[in-house]
Amino acid sequence: MLKKDKFEKLLNILKDHKVDGCILAPTCDTEYLTGLKSYVCERFQGFVALADGRWFVISPELYYEEWRETLGEEAHIYVWSDNDGVNGTFEKAALDYDLKDKTIAINDGIRGVDLLDMKEIMQANFVNGDKMFEELRLIKDEEEIEYLAKAAEIADKTFEEVIKYIKPGVTEREIADKIKELLIEFGGEELSFEPIVASGPNSSKPHYNDDKRVIQEQDLVILDFGCRYKGYCSDISRTVFIGEPTEEQKKIYEIVLRANETGEKAVREGVTAGEVDNAARQVIKDAGYGQYFINRTGHGIGLAVHEAPYIKGGNDQVLKTGMAFSVEPGIYIPGKFGMRVEDIVVVDGDGPRVLNKAPKEMTIV
Ligand code: CO
């Protein structure tokens, strides 16, 4: 069924931005509106809404049953076959709904090649709706926050369990496999992204993407992982030390942890995303490591693991109750090591609600 309250939100966004309608490719936007999980592929699918409240779906034959089951008999669904292709449907829909010369916003899942065809056939004025649709999923309701909290709890339990398996001789891959197993065992539906296990010198690469290194004595290891619960994502990072850390490592860990806590404390309704970034960043700058904090402080999270609000310098977006995002400052010294501490935080009136509870004091295994 179309989720009426969420569809209302979409209509308000269309009106606020003075567009006549939108075409949404199957993404978290359509999952949010309908509950149907579907993905962009070479066969065009779209959820089309008009500011006057009418809506319809364009679906290839092989997804028709899912759309129909999800949206019920009231839905107007155009179906196209592999033999005929989608272009005839673009033409028919544009005629039926009078889309010619209308201003239609597209979301970030619409493929460039499909847009070119739609432009030519529908002759509408297509505009980039990327920023517009960020607003749709920005404020989480109580149910969504409950799901985020549950996903965070599963990630916390996974951290506390997986550290028992980290020791010299195991590979990054084996640790990542254990994380995946635990996330599902503890109730996650699926991964929200492939776990990152970055050991020793690999830890200075924030999105390290390999898994072959064998853990050694005196290593430090960044673990970054998450799962989905009822579609909603978790994302946690912790840095773990193998054996007694050096004085320098202790000092840097203390700075990263203080940056994380300072960033989290800055979270409240009315401050900007940029101010939260600044609060965390200032701690690292003051300690003399500013040049090694090479990424934004955080990203929003919900049905997508990365969404608005982005916690980065210069972002004037004002935080409101119900927004959820990561606070994940780090220090990354190339060729040497990196550290990161990450929690998910929800804006809750005059303060933060930190969803992750896994310990943050130095973990030495
Ligand atoms: Co993250």
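In this predicted model, E328 and E342 are both buried. Each of the two glutamates also gives a carboxylate oxygen (OE) to the cobalt ion, where D235 (OD) and H299 (NE2) complete the list of coordinating residues, at 2.0 to 2.4 Å. Read along the chain, the donors are spaced as D-x63-H-x28-E-x13-E. The glutamate pair brings together distant parts of the chain, 14 residues apart: E328 sits in the loop between β15 (324–327) and β16 (330–333), while E342 belongs to the loop between β17 (337–340) and β18 (343–348).

As for the geometry, the angles subtended by the four donor atoms run from 78 to 153°, so the arrangement around the cobalt ion comes out as irregular. A tetrahedral label would have required all angles to lie between 85 and 135 degrees.

Zooming out, the protein splits into domain 1 (4–137) and domain 2 (142–364), with 35 Å between their centres, taken over C-alpha atoms. Where the two meet, six residues of domain 1 touch 10 residues of domain 2. Together the domains bury about 670 Å², and carbon and sulfur atoms account for 47% of that area. On the domain 1 side, K37, E134 and R137 do much of the work: these residues supply 54% of the area that domain 1 buries against domain 2, more than any other three residues.

There is some charge pairing at this interface too, with two salt bridges found across it. R137 turns up again in a salt bridge of its own, its side chain meeting that of E307 at 2.4 Å, N to O.

Terms used:
Residues are numbered from 1 along each chain as its sequence is written. This is a predicted model: local features need pLDDT of at least 70, side-chain atom pairs count only at pLDDT 80 or more; totals for chains, interfaces and linings use all residues. Side-chain values use heavy atoms; hydrogens and water are left out. Donors are N, O and S atoms within 2.8 Å of the metal (3.2 Å for Na, K and Ca); water is not among the atoms, so sites may look incomplete. Four donors count as tetrahedral if all angles lie between 85 and 135 degrees; four count as square planar and six as octahedral if opposite donors are over 155 degrees apart and all others between 65 and 115; anything else is irregular. Helices (H or I, at least four residues) and strands (E, at least two) are DSSP runs, numbered from the N terminus. Buried means under 20% relative accessible area, exposed over 50%, partly exposed in between (1.4 Å probe, protein chains only). Domain bounds come from an automatic or database domain assignment. Contact means heavy atoms within 4.5 Å. Buried area is the accessible area (1.4 Å probe) that two parts lose on being put together, summed over both. A salt bridge is a side-chain nitrogen of Lys or Arg within 4 Å of a carboxyl oxygen of Asp or Glu.
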